[in-house]
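Subject: Structure for you to look at, with notes

Dear colleague,

I am handing over the structure we spoke about, and my notes on it follow below. Please read them with the model open beside you.

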Amino acid sequence: PLSLYVMHPFWNAVVKIFPTWLAPNLITFSGFLLLVFNFFLMAYFDPDFYASAPDHQHVPNGVWIVVGLLNFMAYTLDGVDGKQARRTNSSTPLGELFDHGLDSWACVYFVVTVYSTFGRGSTGVSVFVLYLLLWVVLFSFILSHWEKYNTGILFLPWGYDVSQVTISIVYIVTAFVGVEAWYAPFLFNFLYRDLFTAMIIACALTVTLPMSLYNFYKAYKNNTLKHHSAYEILLPLVSPVLLFLLCTTWIFLSPTDILEVQPRLFYFMVGTAFANISCQLIVCQMSSTRCQPLNWMLLPIAAVLLLVVSGLAPGSETLLLYLLTAFLTLAHIHYGVVVVSQLTEEEKIGLRAAEGL
């Protein structure tokens, strides 16, 4: 795989550049912030995903180069944070949660940013297709952590490494050849947008899903599963599935066609709620505690859906989406700060106890 033969030697060289006093969690957070910056930079130049369509003002070439370089830097920092932790002998449960927790939120940032290369015009893919592709990526992520919840081992599919390097290259190539290059078919009538769609789905169906099921089966055969009833095994998937059903119902029953009107905001809302569900699962698997069947963030989403569908708040669907997204974002950040504070305090108590011995 790419990560083993190419990226790991590269990361081993990069990590030596960092001073030993640099905290691994700071490296993790810096990489995440680069993806957030890319998301908002592209939101400025391509707010409604029409910038790559014919007869529309395109994203400036320089912006594509910046986005490509920052995406690769974010991927590199995500690869070296663990190496820095091992190099400085500072691997902690907090580091693991911080890394995977931010990765769960990063999914929506990089998927939605990639969308701008094709956009939603006649040469792109519809906002609903992108919504489904986003869910393929989100379910691929949660599947790996569902596997760890049940087997105790986290398998990260190599498709992630290939996709990150490819995406970075595509951004930079776009700067030189222009978005028009992606309009033309690259094989018969098969367009680049079709390749993009096929790669995401194929990676999930041929790598992530089979490997997770195989590793689960292996643990079952070796009698090393952490949970044994079907209910307990499938518990971590209840909240993600309900989130998918609620959001998809909203799209289909929306009186103002909300996904067409506010696609970027809707994706962000979905990605943030998903990140909270993922973080709570990661905390459960790290602490060997039982996963809760329902994430509380599903309640405000369901309440807004009822308001919208019932017609009790006519003409305010977009406002409700803004308020819901702001509330979920602040709540998720608050959750992250509380968990990090608790883990930091526990680590300090552990260190003091070790020094006392």
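Asn38 is a reasonable place to begin, since its relative accessible area is 2% and the residue therefore counts as buried. Please keep in mind throughout that this is a predicted model. Asn38 belongs to helix H2, which covers residues 24-45, and, leaving aside neighbours within four places in sequence, Asn38 is in contact with Val66, Val67, Leu70, Asn71 and Thr113.

Aromatic rings

The count of aromatic pairs comes to 31, with ring centres within 6.5 Å as the rule for pairing. In one of them, the rings of Phe10 and Phe72 have their centres 5.9 Å apart and their planes at 40 degrees, and the pair is called tilted because that angle is neither under 30 degrees nor over 60. This pair links distant parts of the chain, given that Phe10 is in helix H1 (residues 2-15) and Phe72 in helix H3 (residues 61-87), with their positions 62 residues apart. Phe10, at 33% relative accessibility, counts as partly exposed, and Phe72 is also partly exposed, with a relative accessible area of 27%.

Tyr131 and Phe244 make up another aromatic pair, this one stacked, with 6.4 Å from centre to centre and 10 degrees between the planes. Here too distant parts of the chain are linked, as Tyr131 is in helix H5 (residues 127-151) and Phe244 in helix H9 (residues 238-253), 113 residues apart. What is the relative accessible area of Tyr131, and is this residue buried or exposed? The value for Tyr131 is 0%, so this residue is buried, while Phe244 has a relative accessible area of 23% and is partly exposed.

Both residues of the stacked pair are members of one aromatic cluster, which is formed by Phe128, Tyr131, Trp135, Phe139, Phe141, Phe244, Trp250, Phe252, Phe266 and Phe274. Trp135, which is placed in helix H5, has a relative accessible area of 2% and is therefore buried. Not counting residues up to four places away in sequence, Trp135 touches Pro240, Leu243, Phe244, Val270 and Phe274. Trp135 and Gly271 are 136 residues apart in sequence, yet their C-alpha atoms are 9.0 Å apart in space.

A ring of another kind of interest is that of Phe39, because the charged end of Arg264 sits over this ring at 5.2 Å from its centre, which is within the 6 Å cut-off.

Leu281

Leu281 is found in helix H11 and, at 1% relative accessibility, counts as buried. Apart from residues up to four places away in sequence, Leu281 touches Ile142, His145, Trp146, Tyr149, Pro236 and Cys291. The C-alpha atoms of Leu281 and Leu235 are separated by 9.9 Å, and these two residues are 46 residues apart along the chain.

The second largest pocket

What is the volume of the second largest pocket? The volume is about 470 Å³, and of the 20 residues that line this pocket, Phe29, Phe98, Leu102, Ile333 and Gly336 are the closest to its centre. Helices H2, H4 (93-115), H11 (263-287) and H13 (317-356) each supply at least two residues of this lining, and the largest share, eight residues, comes from H13. By class, the lining of the second largest pocket has 16 nonpolar and four polar residues, with no charged residues.

Two backbone angles

Most residues other than glycine have a negative phi. Asp55 has a positive phi, near 65 degrees, although this residue is not a glycine. Asp55 is found in the loop between H2 and H3, and with a relative accessible area of 82% this residue is exposed. Asp257 also has a positive phi, of about 55 degrees, and is likewise not a glycine. Asp257 lies in the loop between H9 and helix H10 (258-261), and at 40% relative accessibility this residue counts as partly exposed.

With best regards

Key. Residues numbered from 1 in each chain as written. Predicted model: local features only at pLDDT ≥ 70, side-chain atom pairs only at ≥ 80, totals over all residues. Heavy atoms only, no water. Phe/Tyr/Trp six-rings, centres within 6.5 Å; stacked < 30°, edge-to-face > 60°. Helix = DSSP H or I, 4+ residues; strand = E, 2+ residues; numbered from the N terminus. Buried < 20%, exposed > 50% of the residue type's maximum accessible area, 1.4 Å probe, protein only. Lys NZ or Arg CZ within 6 Å of the ring centre and 35° of its normal. Contact = heavy atoms within 4.5 Å. 1 Å grid on protein atoms, 1.4 Å probe; cavity = no way out; pocket = protein on both sides within 12 Å on 5 of 7 lines; lining within 4 Å. Points joined across faces, edges and corners; volume = space filled by probe spheres on them. Nonpolar A, V, L, I, M, F, W, Y, C, P; charged D, E, K, R; others polar.
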